[in-house]
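Here is a friendly walk through one chain, meant to be read with the model open beside it. We start in a loop and work towards the core.

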Amino acid sequence: MSRIRRQKQQAANPTSTITEPKPTTAGFGLRGVGLIALGAIAFAGAYAVTAYEQKTESKQQPAARKAAALKGSSENVAASVEAPITEAPTSAPEGMVWIPPGEFTMGTSGPSALPNERPAHQVHLNGYWIDAHEVTNAEFQKFVDATGYVTTAEVKPDWEELKKTVPPGTPKPPDDVLVPGSLVFTAPPTPVPTNDVSKWWTWIPGACWKHPEGPKSSIDNRSEHPVVHISWDDANAYAKWAGKRLPTEAEWECASRGGLVGKRFTWGDEPPKESSKLSNIWQGVFPNQNDQLDGWERTAPVKSYPPNGYGLYDMSGNVWEWCSDWYRADAYAQRMAEKVVENPPGPADSWDPGEPDAAKRVIRGGSFLCHITYCESYRTAARRGTTPDTGMSHLGFRCVVPDKKPQ
Ligand SMILES: [Ca+2]
């Protein structure tokens, strides 16, 4: 059944009785935060929850400047817009699923929508292939073996680049702090306020995709888990090597909805029960008590949970996934002049009112750390941004191939 036909058979208006999800910490451009925190230099106020009441006019210029600066080092990957084909190519790329061309409803205007998810709007996409699951450690290992690629987390941070992502005037951390590493979730022993990410994110020197929890950890027996501690640049490097690219945010959301229209989750409107095992998210009390009712404390092997309507796995939870777009909190509001938006590559620059100094790329889908009391980002409409150089123990990616038969 085509996506359009399937959509027409379903209600168009998202409805929900779920309580408004709480805007939590604004900061997910955390590489700088982690390093600064390790240097014991406090500027937590800059990362307080600011929601979206801030005046947009005064915040746009810094983000635009940062975005322009980053473009020099990070290729701005735009959606490929080519003549669409209407039928699925006969030979499927290995491990990929065909998403047919068509129109879908992106975002939500439902009563529980966060400001950055509004308004719902119509988007038309060409057809494309998308990975059925997140890129795994085994797949990333093949890339590294073939190319010798070294990830961002394995390289000494460059303060000149890093300081572009933190408030102006932030002091440089000590040299013994500016070492290769990444941000690792570390559960606190007791309950903590959920508006301070520094209580559970720890900068661990030596943490990287091969050592997800630090130098003494490994990916042994985790070959089918999603690769993590991957920066946006790392993800693009892999995609280029694989003959693919990162999905646009529109492609990612369309795929995640699995043909459903206006549903809160990839499986429908029913919230996940603690024992439902619909995706790899948090059960218990975040962030100190992980009951692991879904079977996993951290990442799970890909395809451990039921696929969505398109046959895609972990579009909700397990690890967050990079998209190619710049992140703007008002990206959807900017599109309202268009009745149907065609193959949107995303905004021209970045703007996050919570961290106006950081240019961010979009991440989607939530992770094993998401819980309704803290971050309900396993919803189909949920979206966030993070700085391109940030690797974290719950952040990975998957790839797409545009609407053409693979060579
Ligand atoms: Ca995921």
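V179 sits in the loop that links α5 (159-162) to β5 (181-185); helices (H or I, at least four residues) and strands (E, at least two) are DSSP runs, numbered from the N terminus. Please keep in mind that this is a predicted model, in which local features need pLDDT of at least 70 and side-chain atom pairs count only at pLDDT 80 or more, while totals for chains, interfaces and linings use all residues. Residue numbers start from 1 along each chain as its sequence is written.

Is V179 buried or exposed, or something in between? V179 counts as partly exposed because it has 15 C-beta neighbours inside 10 Å. The scale behind this calls a residue buried if 20 or more other C-beta atoms lie within 10 Å of its own, exposed if 12 or fewer, and partly exposed in between, with C-beta atoms placed from the backbone. Leaving out residues up to four places away in sequence, V179 touches K156 and P205; contact here means that the C-beta atoms, placed from the backbone, lie within 7 Å.

A second loop residue is H211, found between β6 (201-205) and α6 (232-241). H211 has 20 C-beta neighbours inside 10 Å, so it counts as buried. Its contacts, again not counting residues up to four places away in sequence, are G206, S217 and S218.

Each of these two loop residues also has a listed partner further along the chain or back from it:

| Pair | Separation in sequence | C-alpha to C-alpha distance |
|---|---|---|
| V179 and A153 | 26 residues | 9.1 Å |
| H211 and H229 | 18 residues | 9.1 Å |

Helix α6 comes next. Its buried residues are W232, D234, A235, N236, Y238 and A239. The cover over them includes α4 (137-147), β9 (320-326) and β11 (361-364). After α6 comes G243, with a positive phi near 75°.

A235 also appears in the largest nonpolar core, which has 63 residues; A235, I130 and A255 touch the most other members. Such a core is a set of buried Ala, Val, Leu, Ile, Met, Phe, Trp, Tyr and Cys residues joined through C-beta atoms within 7 Å. In soluble globular proteins, nonpolar side chains tend to be buried together. For A255, the contacts beyond four places in sequence are I99, I130, Y310, L312 and M315.

Now to a sheet. Three strands form an open sheet in the order β1-β4-β14, with antiparallel pairing. Why do β1 (96-99) and β14 (400-401) each have a side without a neighbour in the sheet? Both stand at the edges with a single partner strand, so one side of each is left free of a neighbour there. Strand β4 (residues 128-131) and β14 run antiparallel and are joined by 2 bridges, where two strands pair if DSSP finds at least two bridges between them. In this arrangement W129 stands opposite V401 in β14. Helix α7 (residues 249-257) lies across β1, β4 and β14, at about 75° to β4; axes are lines fitted to C-alpha atoms, for helices over the stretch in contact, and angles run from 0 to 180 degrees between N-to-C directions.

Finally, the whole chain. Its secondary structure comes to 7 helices and 14 strands, and buried residues make up 50% of its 407 residues. The average pLDDT, the predictor's confidence in each residue from 0 to 100, is 81, and 77% of the residues score at least 70. Over residues 40-85 the pLDDT is below 50.

Technical notes: Two residues are in contact if their C-beta atoms, placed from the backbone, lie within 7 Å.
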